[in-house]
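Hi everyone, thanks for making time. Could you pull up the sequence and the model on your screens? I'd like to walk through a few spots with you.

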Amino acid sequence: MNQHDPFINPPLPYSYNSLEPFIDAKTMELHHDRHLQTYVDNLNHILSDYPKLQNLSLEELIGYADSLPDSVKIPILRNAGGVYNHIFFFSILKNPSTEKPSQPLLQLIESNFGSFDNFKTDFTDAALSVFGSGYAWLVMDAFGHLKIITTANQDTPLSLNLCPLLNIDVWEHAYYLKHFNKRIDYIHDWFHVIHWQQVENNLINCFSYYEK
């Protein structure tokens with residue numbers, strides 16, 4: 001995810017209805033075409049007045065937040081985070097999907113959480129614990145350990161020097177049309193459409209990330 005300004009909203013790698021019956025087509029359309037597009041448009045608008053920042057990738061804008069001008073630091077973080085988090089979220093969805101990842105990710109999950117079922121329980125609890133809007137993540141730290149964390153609003157694990165493997169968007173716009181206020185039902189459905197092969201690719205990228 002190393003695009004630069006002007007940022008674009010990449011097309012979904014599947015049709016709006018391809019995640020049915022777990023995530024409905026209308027939600028996917030609105031989530032991608034309106035919510036993500038708004039973050040893209042806002043970020044490009046902010047950066048239009050700062051030519052020196054226009055060569056930075058999303059990861060660099062987020063990671064170098066302390067070096068950003070104070071007047072735009074928070075707006076850039078919010079909108080760059082919104083672009084990054086949404087693109088990442090859409091990338092780890094697939095239908096039909098396998099129930100579990102393959103090795104070595106499955107082995108890492110089992111060694112860090114005791115079992116795959118324990119991981120699902122812990123991840124569900126984390127996603128339910130987000131007050132208001134945000135995300136739950138599976139991440140890797142610099143020591144190769146897997147952790148489950150939550151972030152508020154459009155904060156990202158990158159600011160914590162954590163490498164993301166997968167995330168679930170628990171803003172209400174991600175599930176309200178289908179599940180209303182029942183976040184737990186959305187989480188259960190989401191587990192059916194995790195693109196584990198992409199998550200495994202993210203794991204490989206995380207090892208490379210910490211070797212730099």
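I'll start with a pair of helices, move on to aromatic rings, and finish with some backbone oddities and a few single residues. Keep in mind that what you are looking at is a predicted model.

Okay, the helices. Two packed helices are described by the angle between their axes and the distance between the axes. Find H4, residues 105–113, and H5, residues 116–129. Their axes come within 8 Å and cross at roughly 70 degrees. How should we describe the way H4 and H5 lie to each other? The range from 65 to 115 degrees counts as roughly perpendicular, so that's the label for H4 and H5.

Who does the touching? On the H4 side you have Leu106, Ile109, Glu110 and Phe113, and they meet Phe116, Asn118, Phe119 and Asp122 from H5. Sorted by class, that contact has five nonpolar residues, one polar and two charged.

Now the rings. The model has 14 aromatic pairs. One of them is Phe116 with Trp196: the ring centres are 5.8 Å apart and the planes sit at 65 degrees. Planes over 60 degrees apart count as edge-to-face, so that's what we call the Phe116 and Trp196 pair. Which helices do the two rings come from? Phe116 is in H5, while Trp196 belongs to H8, residues 196–211. The two parts are 80 residues apart in sequence, so this ring pair ties them together.

Are Phe116 and Trp196 buried or exposed? Phe116 has a relative accessible area of 4%, so it is buried. Trp196 comes in at 2%, and it counts as buried as well.

Here's another pair to click on: Tyr209 and Tyr210. Their ring centres are 4.9 Å apart with the planes at 75 degrees, so this pair is edge-to-face too. Tyr209 has a relative accessible area of 30%, which means it is partly exposed.

Let's zoom back to Phe116. Which residues join Phe116 in one aromatic cluster? They are Phe113, Phe119, Phe123, Trp190, Phe191 and Trp196. Phe191 has a charged visitor, too: Lys120 lies over the face of that ring, at 5.2 Å from its centre.

Phe191 turns up once more if you look at Thr124. Thr124 sits in H5, and it is buried, at 10% relative accessible area. Setting aside residues up to four places away in sequence, Thr124 touches Ile184, Ile187 and Phe191.

On to the backbone. Where can you find cis peptide bonds? Glu20 and Pro21 are joined by one, with omega at about 0 degrees. Pro21 is in the segment before H1, which spans 25–47. Gln103 and Pro104 are also joined by a cis peptide bond, again with omega about 0 degrees. Pro104 lies in the loop between H3, residues 73–91, and H4.

Next, positive phi. Asn153 is not a glycine, yet its phi is positive, about 55 degrees. You'll find Asn153 in the loop between strand S2, 146–152, and strand S3, 163–169. Its relative accessibility is 44%, so Asn153 counts as partly exposed. Phe180 has a positive phi of about 55 degrees as well, and it isn't a glycine either. Phe180 is in the loop between H6, 176–179, and H7, 183–190. Is Phe180 buried or exposed? Its relative accessible area is 52%, so Phe180 is exposed.

Two more residues and I'm done. Lys147 is in strand S2, and it is partly exposed at 38%. Leaving out neighbours within four places in sequence, Lys147 is in contact with Phe113, Trp137, Leu138, Val139 and Asp141. If you want a distance to check, go from Lys147 to Cys163: they are 16 residues apart along the chain, with C-alpha atoms separated by 10.0 Å.

Last one: Leu12, back in the segment before H1. Leu12 has a relative accessible area of 13%, which makes it buried. Which residues does Leu12 touch, not counting residues up to four places away in sequence? Those are Met28, His32 and Phe90. And how far is Leu12 from Asn112 in space? The two are 32 Å apart, C-alpha to C-alpha, and 100 residues apart in sequence.

Key
Residues numbered from 1 in each chain as written. Predicted model: local features only at pLDDT ≥ 70, side-chain atom pairs only at ≥ 80, totals over all residues. Heavy atoms only, no water. Axes fitted to C-alpha atoms, helices over the stretch in contact; angles between N-to-C directions. Helix = DSSP H or I, 4+ residues; strand = E, 2+ residues; numbered from the N terminus. Parallel < 35°, antiparallel > 145°, perpendicular 65-115°, else oblique. Contact = heavy atoms within 4.5 Å. Nonpolar A, V, L, I, M, F, W, Y, C, P; charged D, E, K, R; others polar. Phe/Tyr/Trp six-rings, centres within 6.5 Å; stacked < 30°, edge-to-face > 60°. Buried < 20%, exposed > 50% of the residue type's maximum accessible area, 1.4 Å probe, protein only. Lys NZ or Arg CZ within 6 Å of the ring centre and 35° of its normal.
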